[in-house]
Amino acid sequence: MTLLKAEAMIAGYGKTRILNECSIAVDRGEIAVIVGPNGAGKSTAMKAIFGMLPLESGSISLDDKNIEKLSPQDRVAQGMAFVPQTSNVFVSLSVEENLEMGGFIREDDINNTRDQIYSLFPILYEKRKQAAGELSGGQRQQVAVGRALMTEPTLLMLDEPTAGVSPLVMDELFDRIIEVRNTGIAVLMVEQNAKQALEIADTGYVLVSGENRFTDTGEALLADTEVRKTFLGG
Amino acid sequence: MSNDILNALVIISNYILVPGLAYGSQLALGALGITLVYAVLRFSNFAHGDSMAFGAMFTILGTTWLQSKGISLGPLPTALLALPLGIIAAILLCLIMDKLVYQHYRQQKSTPVMFVIASVGVMFITNGLVRFIIGPGDRAFSDGQRFIIKAREFKRMYGLSEGLSIKMTQGLTFVIAIIAMALLFWFLQRTKTGKSMRAYSDNEDLALLSGINPQRVVFITWVIVGTLIAIAGVLYGLDKSFKPFTYFQLLLPMFAAAIVGGIGNPVGAVLGGFIIAFSEIAVTYAYRKFLIYLLPEQYEPDGLMQLLSTDYKFAVSFMILVAVLIWRPTGLLRGKSI
């Protein structure tokens, strides 16, 4: 049974249609990556799945429950978590407060979750008293992911988590994302660094003008000559 | 000779330090309210001064009623007993104005300047209400013991020719302001609700993603701001006297305090409050007597040795405000840029 099923999504801004029957699915313990050229609708697909953009048609279900009518906040309560590409931490709050705010809607004790996140991202424990705005780009992204994980989501959505970080930091972030996946969470991410992202992807979606062009395992997409030539620069 | 130095120090304490601490506390409380509204609701609230008059007015009405019943607090001003009434009135005023005015502009996602203009309207309405209910005149409503330390007793005790006097209202202002600020900072730094306010102020979209309810944040902000408004208004009125127009005039030094410290930054508001208060007092004080004690006789000054007449005290906040906006627009403690 697939955790997230987004089928035949059609959506856009005003009259401009960005998504043309785009379909995305992710399962627990899996990483799905959406790649594609600029303007292909990658981020728009994420927004639509998270409910920040209304669908004209199509369906989205999480754990076999229809969620396309829910607000983003309600989707968080259903087990979705979203890490935006920019402004994804509270810069004036300490790392620890960022995590606490991530778990704001939880009524139960959040200390266990917080400790798990600290063991997943040891650097955050070291910097827990520091304001998130003072951290480096890569550390900030870890705070952002940590904040999103505080609700103990079943689906973690990342919008270009490696935008603007060095290749070294990118590798580390991807390692962390694999660890997150290994805890049984479904990970859906949009990536600009297509090659590296597909290397860790269980499923890859290549979007072109809002349509699914290729869908396969990450490995198979990397091996496909047409995909390599057209989208991965040879 | 050493007595001369002590006398000079007493003069400075009596005319600058003590009044500066009291006035600074009042400005700091006012600036805190302004800065909180700016940080969370994202506009400069021009109705702040007149709302202070509104809260103080209800405290005065309560005080008069208590006095007519023969209830008093002994050496402390009766107004302290009536302060909760003023706080409730100020909170209600803030919440009602939010419902009637600001909420509409929030839903429209209006620009900050629209909010500012709307708050000017709220200012005129509040101002009219206050004048209508209690009148435009001066009102002294402080009772109880007048002084904590009297100048004459101080002179006798220490055998100095200069005396230090501390008014009860000055001491109370300082103590209450410190308690109020400590509670506010504890709330913002330590409680989940306080942190959610800071988170909302920091990044509204991310706060929404985290499930922080904006309506609740707005409500709590107005409750805190209303409380600060009433306390600041009453303390100022007790220390000086209550006159609706002076509260409108307080807007400038309070805004200057908030901006100098870094608007949106509560610590900055407190720092700015004291900076503005001490500058105003230090620049308009006549140093003649102070210098007579310190300088050898042949250099004794003839004039008052006053940099600016007290009539110009508002110019001081204005000059500091302009200087900060030119050279450090985010304020001393790096608030948001205006």
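This is a short tour of two sheets, a pair of helices and one buried residue in a predicted model.

**First stop: the four-stranded sheet of chain A**

Begin by selecting β2, β1, β4 and β5 of chain A, which in that order form an open sheet with antiparallel pairing. At its edges stand β2 (16-26) and β5 (65-66) of chain A, and each has a single partner strand, so one side of each is left without a neighbour in the sheet. Now narrow the selection to β1 (residues 4-13) and β4 (residues 57-62) of chain A, an antiparallel pair joined over five bridges; within it, Ala6(A) can be found opposite Ile60(A) of β4(A). Adding helix α1 (residues 42-50) of chain A shows what packs on this sheet: the helix touches β1, β2 and β4 of chain A, and its direction makes about 70 degrees with that of β2(A).

**Second stop: the six-stranded sheet of chain A**

Next select the strands of the open sheet ordered β6-β7-β8-β3-β9-β10 in chain A, where the pairing is mixed. Its edge strands, β6 (80-83) and β10 (211-216) of chain A, each pair on one side only, and from one strand to the next the twist averages 15 degrees. Inside this sheet, β7 (residues 155-159) and β8 (residues 186-190) of chain A pair in the parallel sense over five bridges, and Asp159(A) faces Val190(A) of β8(A) as its opposite residue.

Keep α1(A) displayed, since that helix also lies across β3 (31-35), β6, β7, β8 and β9 (203-208) of chain A, running at about 145 degrees to β7(A). Then add α7(A), which lies across β3, β7 and β8 of chain A and runs at about 150 degrees to β8(A).

**Third stop: two packed helices**

With α7 (residues 167-182) of chain A still selected, bring in α6 (residues 137-149) of chain A; the two helices pack at an angle of about 20 degrees, with their axes 10 Å apart. That angle makes α6(A) roughly parallel to α7(A), and the crossing is right-handed. To see where they meet, show Gly137(A), Gly138(A), Gln141(A) and Gln142(A) on α6(A) together with Val169(A), Glu172(A), Leu173(A) and Arg176(A) on α7(A). The residues of this contact divide into two nonpolar, four polar and two charged.

**Last stop: a residue in chain B**

Finally, move to chain B and select Met181(B), which is found in helix α6 (residues 168-190) of that chain. Is Met181(B) buried or exposed? Met181(B) counts as buried, because it has 20 C-beta neighbours inside 10 Å. Select Gly24(B) as well: Met181(B) and Gly24(B) are 157 residues apart in sequence, and 13 Å apart in space from C-alpha to C-alpha.

How values were computed: Residues are numbered from 1 along each chain as its sequence is written. Chains are lettered from A and ligands numbered from 1 in the order in which they are written. This is a predicted model: local features need pLDDT of at least 70, side-chain atom pairs count only at pLDDT 80 or more; totals for chains, interfaces and linings use all residues. Axes are lines fitted to C-alpha atoms, for helices over the stretch in contact, and angles run from 0 to 180 degrees between N-to-C directions. Angles under 35 degrees count as roughly parallel, over 145 as roughly antiparallel, 65 to 115 as roughly perpendicular and the rest as oblique. A crossing is left-handed if the near helix is turned anticlockwise from the far one by less than a right angle, and right-handed if clockwise. Two residues are in contact if their C-beta atoms, placed from the backbone, lie within 7 Å. Ala, Val, Leu, Ile, Met, Phe, Trp, Tyr, Cys and Pro count as nonpolar, Asp, Glu, Lys and Arg as charged, and the others, Gly among them, as polar. Two strands pair if DSSP finds at least two bridges between them. A residue is buried if 20 or more other C-beta atoms lie within 10 Å of its own, exposed if 12 or fewer, and partly exposed in between; C-beta atoms are placed from the backbone.
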